[in-house]
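This report describes the fold of a single chain, moving from one group of strands to the chain as a whole. Please keep the sequence and the structure in view while reading.

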Amino acid sequence: GGAISNEGSLTIEDCSISNGLVLEGSAIWNKGLLAISDSSFTNNESFNDGGAIWNDSLLEVSNSTFHGNSAGRTMLGNGVGSGGAIWSIGVASILDSEFSENTASSNGGAIGNEGTVSISEGTFSKNAADSQGGGIFSSGLLEVVDSNFADNDADVGGGAVSSRGTMDIIASAFSGNSSKEGGAVFNTTGVIFDCTFYRNTSTYK
């Protein structure tokens, strides 16, 4: 991580991390237990996965903001990256946090997941991915509750969420998201319950 590399137990509270640039996990690289609260991550860049955070263990995020972070797109050139704000192959829990205008040159404009991610009371707006999952891409286990997705975009599938693992989305709202397939959600195995969809668009014909 350009700012922090953690292999133990670390708590980050009321911090601001911005303008990092590294190969992966530009702000934080986590292989331990990491708890983040009341913090902001802005304009961090990674050549590969995890524009702000790369997680390979246990991650807890609450009441934090992620804005303008990027995976695979940097001011020094472009790579292939997923998870514009967060890339996780471990276990991640995200509560009451906002993701806006994050981008990925591959999957997951805001979050990319190959492990287990649970999200509650999240806000995802204007995130974008060149492939799948403008807001979230998951090939692992994904649970989303009481969250809002607005104006996210993916070129290939799942303007807001693309899941190729197992997905549960509950009591969440989707509006103005767009993609070639699945303007709001692209899914292979999962459950969508008590959700609202408004003016999401798909260009597939």
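In which sense do strand S10 and S16 pair, and over how many bridges? In this predicted model, strand S10 (residues 58-62) runs parallel to S16, and five bridges join the two.

## Strand S16 and its partners

Within the pairing of S10 with S16, Leu59 is the residue that stands opposite Ala92 in S16. S16 also pairs with strand S20 (residues 116-120), again in the parallel sense and over five bridges, and here Leu95 stands opposite Ser120 in S20. S16 therefore has pairing partners in both S10 and S20, and strands of a sheet pair through backbone hydrogen bonds, either parallel or antiparallel.

The side chains of strand S16 (residues 91-95) alternate along its length: Ala92 and Ile94 point to one face and are buried, whereas Val91, Ser93 and Leu95 point to the other face and are not buried. In a regular strand such alternation between the two faces of the sheet is the general pattern. Taken with the pairing, Ala92, which stands opposite Leu59, belongs to the buried face of S16, while Leu95, which stands opposite Ser120, belongs to the face that is not buried.

## An open sheet of eight strands

An open sheet is made up of eight strands in the order S4-S8-S12-S18-S22-S26-S30-S34, and its pairing is parallel. Its edges are formed by strand S4 (21-22) and strand S34 (201-202), each of which pairs on one side only.

Inside that order, strand S26 (residues 153-157) and strand S30 (residues 178-181) are joined in the parallel sense by three bridges, and Asp153 stands opposite Ser178 in S30.

## The chain as a whole

The chain contains 34 strands and zero helices. Its radius of gyration is 15 Å, close to the 17 Å that the globule rule gives for 205 residues, so the chain is as compact as a globular protein of that length. The C-alpha trace spans about 45 × 35 × 25 Å along its principal axes.

Of the 205 residues, 50% count as buried, and among the contacts with a separation of 6 or more, 72% come from residues 24 or more positions apart.

## Surface and charge

The accessible surface of the chain comes to about 8,300 Å², and carbon and sulfur atoms account for 48% of that area. The chain carries 7 positive and 23 negative charges, and the mean positions of these two groups lie 15 Å apart.

Terms used:
Residues numbered from 1 in each chain as written. Predicted model: local features only at pLDDT ≥ 70, side-chain atom pairs only at ≥ 80, totals over all residues. Heavy atoms only, no water. Pairing = 2+ DSSP bridges. Helix = DSSP H or I, 4+ residues; strand = E, 2+ residues; numbered from the N terminus. Rg over C-alpha atoms; globule rule 2.2 N^0.38 Å. Buried < 20%, exposed > 50% of the residue type's maximum accessible area, 1.4 Å probe, protein only. Contact = heavy atoms within 4.5 Å. Areas by Shrake-Rupley, 256 points an atom, 1.4 Å probe, with all protein chains shown as cover. Lys, Arg positive; Asp, Glu negative; His and termini not counted. Charge placed at Lys NZ, Arg CZ, Asp CG, Glu CD.
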